[in-house]
Amino acid sequence: MQKIYPDAASALEGLLFDGMHICAGGFGLCGIPERLIDAIRDAGTKDLTIASNNAGIDGEGLGKLLRTRQVRKMISSYVGENKEFERQYLAGELEVEFCPQGTLAERCRAGGAGIPGFYTKTGVGTQVAEGKEHKDFDGQTYILERGIYADLCIIKGWKADKAGNLIFRKTARNFNQPMATAGKICVAEVEEIVETGSLDPDCIHLPGIYVKRLICGAPYDKKIEFKTVRERVAA
């Protein structure tokens with residue numbers, strides 16, 4: 001199977017439709033599939049439900065899709081660094097399903113493993129637990145969380161071979177690995193594509209069986225969420 005596509009738009013061709021559910025890897029601006037996000041924005045696909053740790057920041061990452069009002073619902077852990085995310089939610093323009101960070105990762109892992117749901121103590125006694133099934137195990141109360149399985153997964157890796165075997169770099173691994181398995185089709189963008197067989201098998205984080213389409217998105221500009229510098233000290 002030919003997995004390599006020339007650009008993000010061609011890699012997503014035939015996959016996008018209004019009202020679809022997308023899993024998007026990344027954490028803040030670290031490890032986000034920015035070329036694929038731009039292609040979804042340009043395609044104008046709307047009424048999206050997106051599972052992602054957050055929505056980037058204003059004007060970057062998934063924040064671009066919020067700005068163009070293409071997102072109907074976010075399943076997220078954190079919204080604090082995106083003012084437009086916050087504004088739309090408080091104005092009732094965006095549906096948000098808050099999900100604890102570890103629970104979100106496990107929901108994606110479970111969905112990818114064919115597990116429809118699992119019980120966890122996280123969120124018991126809070127708003128997270130409202131409307132969810134409660135069950136006691138060994139005297140402790142747990143809530144039922146459903147696995148996530150999307151129409152499309154978009155992820156960002158560091159290096160891949162032509163068969164789609166993929167390596168993540170350091171913290172950019174974050175949600176990308178579990179989300180890659182949690183959908184009908186996974187499209188990945190990477191910084192470099194090398195010949196099949198040139199990667200050390202022991203270093204591969206995501207087997208190529210999960211990656212159906214692949215692009216090289218380089219070159220990338222490293223975005224900084226918060227720039228902090230020391231005050232200049234007088235000589």
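Trainee: Over which ring does the charged end of K156 sit?

Mentor: A charge sits over a ring if NZ of Lys or CZ of Arg is within 6 Å of the ring centre and within 35 degrees of the ring normal. Here the charged end of K156 lies over the ring of Y220, 3.9 Å from its centre. K159 places its charged end over the ring of W158, 4.6 Å from the centre. One caution: this is a predicted model, where local features need pLDDT of at least 70, side-chain atom pairs count only at pLDDT 80 or more, and totals for chains, interfaces and linings use all residues. Residues are numbered from 1 along each chain as its sequence is written, and side-chain values use heavy atoms, with hydrogens and water left out.

Trainee: How many aromatic pairs does the whole structure hold?

Mentor: Rings of Phe, Tyr and Trp (its six-membered ring) pair if their centres lie within 6.5 Å; planes under 30 degrees apart are stacked, over 60 edge-to-face, and the rest tilted. The search finds three pairs. Y89 and F98 have ring centres 5.6 Å apart and planes at 90°, so they are edge-to-face. F137 and Y142 are also edge-to-face, because their planes stand at 85°, with centres 5.5 Å apart. Ring pairs join Y119, F137 and Y142 into a cluster.

Trainee: Are Y89 and F98 buried or exposed?

Mentor: Buried means under 20% relative accessible area, exposed over 50%, partly exposed in between (1.4 Å probe, protein chains only). Y89 is partly exposed at 36%. F98 is partly exposed at 33%. In the other pair, F137 has 33% and Y142 has 21%.

Trainee: How many disulfides are there?

Mentor: A disulfide is a covalent bond between the sulfur atoms of two cysteines. The rule asks for a pair of cysteine sulfur atoms within 2.5 Å. The count is zero. For C99, the nearest cysteine sulfur is that of C108, 8.2 Å away. C99 is buried, at 3% relative accessible area. The sulfur of C153 has its closest cysteine sulfur in C23, at 4.8 Å, too far for a bond. C153 is buried too, at 0%.

Trainee: Which residues are closest to the centre of the largest pocket?

Mentor: On a 1 Å grid over the protein atoms alone, a pocket is an open set of points where a 1.4 Å probe fits, with protein on both sides within 12 Å along at least five of seven lines; lining residues have an atom within 4 Å of a point. L29, G31, K156, E191 and K222 are closest to the centre, out of 19 lining residues.
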